[in-house]
Amino acid sequence: MKILVCISHVPDTTSKINFVNGDSEFDTNGVQYVINPNDEFGLTRAIWFQEQQGATVTVVNVGGADTEPTLRKALAIGANEAIRVNAVPTDGFFVAKQLAEVIKTGAYDLVICGKESLDYNGGMVPGMLAGLLNYNFVNSCTEITVDGTSAKAAREIDGGKEIISASLPLIIGGQKGLVEEKDLRIPNMRGIMTARTKVLTVLEPVAASNQTKIVKFEKPAAKSAVKLVAADNLDELINLLHNEAKVI
């Protein structure tokens, strides 16, 4: 089985977020980048298929040379090879078009994407990929097993989960649940050294137009100062909840 894991290169959640050029661009200065958490769950599940069922695992990213450390980390975790499409990921449709070309060329059986990336939370790419390729698709996927050319998956729905059977090739939008957080792989020294010798192929992008454009970023409004009310001053507490917080 050939598995392709789509990797997004996203800011660490502890990074301080700022914008430049009239709040139209993200300020990358001082920002640490990591593997998108939803993608990391998918990568770990792919490594499980590698160990248990002899699958080959390829990771792919659409991005500049600055994303290669993230791909090397994925290789250190256990992926067999990596692909970088040499293009700035300007919007979801553009990224989906690049990934679709990689998938068609590589003839992958299972494509694992995160259901959304941590930076823009667009959630568009997995579904677009399935539409472009006419592949079966399971979003918000929390479990998956593969037997030959058939797969069984579970996805989150309101109030529970839905069990789905599908034939390969299949695209999933994965999330926490594919593996537990405690099972995420941390690269060891042997993996890091081995990753240096694994193949990282750089491809030039195919022609694709952007369907969206970022106009402006805006930070959430700052939280107001906390007001302390004496424990025995219930009238003041009720007044604040009713007239200021407007929750009663």
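This report describes the overall build of a protein model and then a few of its residues.

**Overall build**

The model is predicted. The protein holds six helices and 13 strands. Its C-alpha trace spans about 70 × 45 × 40 Å along the principal axes. Of the 248 residues, 39% are buried. Take the contacts between residues at least 6 apart in sequence: 69% of them join residues at least 24 apart.

The protein exposes about 14100 Å². Carbon and sulfur atoms supply 51% of that area. There are 24 positive and 29 negative charges. The mean positions of the two sets lie 4 Å apart.

**A buried strand residue**

Strand β6 covers residues 56-62 and includes Thr58. Is Thr58 buried or exposed? Its relative accessible area is 3%, and buried means under 20%, so Thr58 is buried. Which residues does Thr58 touch, leaving aside neighbours within four places in sequence? Its contacts are Ile3, Leu4, Val5, Glu81, Ile83 and Tyr108.

**The C-terminal surface**

Helix α6 runs over residues 234-243, and Leu234 is found in it. Leu234 has a relative accessible area of 54%; the cut-off for exposed is over 50%, so this residue counts as exposed. Leu234 also belongs to a nonpolar patch on the surface. The other members are Leu237, Ile238, Leu241, Val247 and Ile248. Together the six residues have about 550 Å² of accessible area.

Lys246 sits in the segment after α6. Its relative accessibility is 62%, over the 50% cut-off, and therefore Lys246 is exposed as well.

**Backbone geometry**

Three places in the backbone deserve a look. Two are residues with positive phi that are not glycines: Ala107 and Lys246. The third is a cis peptide bond, which joins Leu168 and Pro169. The table sets out the angles and the locations.

| Site | Angle | Location |
|---|---|---|
| Ala107 | phi about 50° | loop between α3 (92-106) and β8 (110-114) |
| Lys246 | phi about 55° | segment after α6 |
| Leu168 and Pro169 | omega about 5° | Pro169 in the loop between β11 (160-167) and β12 (170-174) |

In the structure above, Ala107 can be found in the loop that follows α3 and leads to β8. For the cis bond, go to the loop between β11 and β12, where Pro169 lies. Lys246 brings two features together: a positive phi and an exposed position.

Technical notes
Residues numbered from 1 in each chain as written. Predicted model: local features only at pLDDT ≥ 70, side-chain atom pairs only at ≥ 80, totals over all residues. Heavy atoms only, no water. Helix = DSSP H or I, 4+ residues; strand = E, 2+ residues; numbered from the N terminus. Buried < 20%, exposed > 50% of the residue type's maximum accessible area, 1.4 Å probe, protein only. Contact = heavy atoms within 4.5 Å. Patch = residues over 30% accessible without salt bridge, like charges linked within 9 Å, V, L, I, M, F, W, Y side chains within 5 Å. Areas by Shrake-Rupley, 256 points an atom, 1.4 Å probe, with all protein chains shown as cover. Salt bridge = Lys/Arg side-chain N within 4 Å of Asp/Glu carboxyl O. Lys, Arg positive; Asp, Glu negative; His and termini not counted. Charge placed at Lys NZ, Arg CZ, Asp CG, Glu CD.
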